[in-house]
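Please look through the sequence and the model shown here before reading on, and keep both in view while the paragraphs below lead you from one helix to the rest of the chain.

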Amino acid sequence: MSLLARGLLAFQGPDDSADDAMELSRMEARLPALLSVIAGMVDCTGFFTLGHVFTAHVTGNLVLAAGVAVDGGSFHWAQLLTIPVFMLALATVWLIARASRLHGARLVRLLLLVQFLILAALLAFSIIARPSTDPAGWLAGTAAMMAVSAMACQYALLRLAVRGAISTAVMTGNLANAVLSVMDLLSVRHPLLPRDATPLKHSLGRLAGFLLGCVIAAAAVSLAGDWTWSLPAALACAAIAVR
């Protein structure tokens, strides 16, 4: 059982705490890799169909906007709007979690449901409005904000309900941990990482999942266009059923 699961067990009553703690422990092991695939799909699909907007790695939009400001070129207003929308979505998810008074596995399922509903709404909107036909238009911007909100829900889910998990959307930290973990393995006598550092296999799993999501989405965009949003929506639905 993980440290988080044992901690949860200590703060709950004796009746259902053991089952909830065990379920949360299983979620910690199984969900992050799936969420990484979803994040890769959302980020890649948004970038290619909604005017080069990063919907998972939202701070990357500041770099794109700064590049346009310096070198010139077409500017997409949605690139700057992603930051305040991401913050607002995080605050909204926090309020949902607070109002629900749920914790552990039940809170995970609630927030997974919220993410699925946002992605399902994004899929329906994209099929009906076809925002990819005008990547710089307000329809594409609206779709991008919906995708950003779904990713904000995923970030909040990990921070509020699966606190032992590492990021499933921003891969810089996972890449850094993987490299440092490899260096520690090569230097058995003098490791530098703390004992409770994220295991190498976890970082590699997130990286592989995110990359897989990007590759699948990139291939699907050329074949299915706006219907590509059905892929992360389907996986988000599957994530709710993870036991």
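How far apart are the end C-alpha atoms of H4, and what should its 23 residues span at 1.5 Å a residue? The expected span, which is 1.5 Å times one less than the number of residues, comes to 33 Å for H4, and its end C-alpha atoms are 31 Å apart, which agrees. This is a predicted model, in which local features need pLDDT of at least 70 and side-chain atom pairs count only at pLDDT 80 or more, while totals for chains, interfaces and linings use all residues. Residues are numbered from 1 along each chain as its sequence is written, and side-chain values use heavy atoms, with hydrogens and water left out.

H4 is one of nine helices in a chain that has zero strands, where helices (H or I, at least four residues) and strands (E, at least two) are DSSP runs numbered from the N terminus. Along its course H4 bends by about 25° at Pro84, the bend being the angle between axes fitted to the seven residues ending there and the seven starting there.

Several residues of H4 are buried, among them Thr82, Val85, Phe86, Ala89, Val93 and Ala97; here buried means under 20% relative accessible area, exposed over 50%, and partly exposed in between, with a 1.4 Å probe and protein chains only. An α-helix has 3.6 residues a turn, so residues three or four places apart point the same way. The cover over the buried residues of H4 includes helix H3 (60-71), helix H5 (104-129) and H6.

One residue of H4 deserves a closer look. Phe86 counts as buried at 12% relative accessibility, and its ring forms an edge-to-face pair with Tyr155, at 5.2 Å centre to centre and 90° between the planes. Because Phe86 lies in helix H4 (residues 78-100) and Tyr155 in helix H6 (residues 138-160), the pair ties together parts that are 69 residues apart in sequence. Rings of Phe, Tyr and Trp (its six-membered ring) pair if their centres lie within 6.5 Å, and planes under 30 degrees apart count as stacked, over 60 as edge-to-face and the rest as tilted. By this rule there are three aromatic pairs. Phe47 and Phe48 form another edge-to-face pair, with 5.7 Å centre to centre and 85° between the planes, and ring pairs link Phe47, Phe48 and Phe54 into a cluster. Phe48 is partly exposed, at a relative accessible area of 49%.

Now turn to the loops. Arg101 comes just after H4, in the loop between H4 and H5, and has a positive phi of about 60° although it is not a glycine. His52, in the loop between helix H2 (17-49) and H3, likewise has a positive phi of about 60° without being a glycine. Arg101 is exposed at 74% relative accessibility, whereas His52 is partly exposed at 44%.

How many disulfides does a search of the whole structure find? The search finds zero, a disulfide being a pair of cysteine sulfur atoms within 2.5 Å. For Cys44, the nearest cysteine sulfur is that of Cys214, 5.0 Å away. Cys44 is buried at a relative accessible area of 10%, and Cys153 is buried at 0%.

Finally, consider the whole chain. Of its 243 residues, 44% are buried. Among contacts (heavy atoms within 4.5 Å) between residues at least 6 apart in sequence, 73% join residues at least 24 apart.
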